[in-house]
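Student: Please take one part of this model for a close look, and then work outward from that part to what lies around it. I would like the cut-off behind each term as it comes up.

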Amino acid sequence: MADSALPILTVVAVALVDADGRVLLAQRPAGKAMAGLWEFPGGKIHPGESPEAALIRELKEEIDIDVTEACLAPFTFASHRYESFHLLMPLYVCRRWKGAMRPREGQTLAWVRPAKLGEYAMPPADKPLVAMLQDLL
Ligand SMILES: Nc1nc2c([nH]c(=O)n2[C@@H]2O[C@H](COP(=O)(O)OP(=O)(O)OP(=O)(O)O)[C@@H](O)[C@H]2O)c(=O)[nH]1
Ligand SMILES: [Mg+2]
């Protein structure tokens, strides 16, 4: 079967970077696909939503922070074939947000130095993103 037979799933994600240059990773909770793996916060775009609006909504839903579109800098993207879909995942970088961050979906959060990102098990789609972030930061 040709790769093109797979549906494309667009997921928006963000590397939140704190004042010390550390990156936020969230560990997917038990019960979700790829539970236990560390990922960038984000999620699927709903019909009619812009990528930025989807990310702003997901950040509120998942970690209770408020982000504005102006603070979302497009950085790179992942394109990865999973078994049942092809993931297309724009990755933004964001250094400014408002509100007290807290996990709202049972995730564990970790602030990770770029050099240590490799120590966290991440979905296969994320591997190239880590190298690019390490170059940036
Ligand atoms: N958020 C996020 N999703 C990722 C990353 N890498 C990666 O392969 N994915 C995949 O993207 C897909 C959708 O992400 P998601 O589960 O966060 O979607 P969501 O927040 O809308 O969750 P929901 O479906 O439970 O409502 C999953 O199959 C997930 O494994 C990543 O770094 N961050
Ligand atoms: Mg999500």
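Tutor: Elements here are DSSP runs, numbered from the N terminus: a helix is a run of H or I of at least four residues, and a strand is a run of E of at least two. The model is predicted, so local features need pLDDT of at least 70 and side-chain atom pairs count only at pLDDT 80 or more, while totals for chains, interfaces and linings use all residues. Residues are numbered from 1 along each chain as its sequence is written, with chains lettered from A and ligands numbered from 1 in the order in which they are written.

The part to start from is helix α1. It covers residues 51-63, 13 residues in total, and its first and last C-alpha atoms are 18 Å apart, close to the 18 Å expected at 1.5 Å a residue. That expected span is 1.5 Å times one less than the number of residues. The buried residues of α1 are L55, I56, E58, L59 and I63. They sit on the same side of α1, because the arc they cover around the axis is only 165 degrees. The arc is taken over the directions from the helix axis to the C-beta atoms. An α-helix has 3.6 residues a turn, so residues three or four places apart point the same way. Buried means 20 or more other C-beta atoms within 10 Å of a residue's own, exposed means 12 or fewer, and partly exposed is in between, with C-beta atoms placed from the backbone. The cover over the buried residues of α1 includes β1, β4, β6 (86-94) and β7 (108-112). Contact here means C-beta atoms, placed from the backbone, within 7 Å of each other.

Just past the end of the helix comes D64. This residue has a positive phi of about 65 degrees although it is not a glycine. It belongs to the loop between α1 and β5 (73-81), and it counts as partly exposed because 14 other C-beta atoms lie within 10 Å. R102 touches both I63 and D64, leaving out residues up to four places away in sequence. R102 itself is in the loop between β6 and β7 and is exposed, with 10 other C-beta atoms within 10 Å. Its C-alpha is 8.1 Å from that of E62, although the two are 40 residues apart in sequence.

Beyond the loop that holds D64, A73 is in strand β5. A73 is exposed, with 11 C-beta neighbours inside 10 Å. The C-alpha atoms of A73 and E61 are 20 Å apart, for a separation of 12 residues along the chain. The contacts of A73, again leaving out residues up to four places away in sequence, are Y92, V93 and C94.

C94 also appears among the contacts of L16, which touches V23, L24, P41, C94 and W97 once neighbours within four places in sequence are set aside. L16 is in strand β1 and is buried, with 24 other C-beta atoms within 10 Å. The C-alpha atoms of L16 and L72 are 9.5 Å apart, with their positions 56 residues apart along the chain.

β1 and β4, both part of the cover over the buried residues of α1, also reach the ligand. Around ligand 1 there are 14 residues, the closest being E39, G42, G43, K44 and P123; a residue is near the ligand if its C-beta atom, placed from the backbone, lies within 6 Å of it. Two or more residues of this shell come from each of β1 (8-16) and β4 (42-44), and β4 gives the most, with 3. By class the shell has 8 nonpolar, 2 polar and 4 charged residues. Ala, Val, Leu, Ile, Met, Phe, Trp, Tyr, Cys and Pro count as nonpolar, Asp, Glu, Lys and Arg as charged, and the others, Gly among them, as polar.

A second positive phi is found at M34, near 60 degrees in a residue other than glycine. M34 is in the loop between β2 and β3 and is partly exposed, with 14 other C-beta atoms within 10 Å. A35 lies in the loop between β2 (23-27) and β3 (38-39), and this residue is exposed, with 10 other C-beta atoms within 10 Å.

Technical notes:
Two residues are in contact if their C-beta atoms, placed from the backbone, lie within 7 Å.
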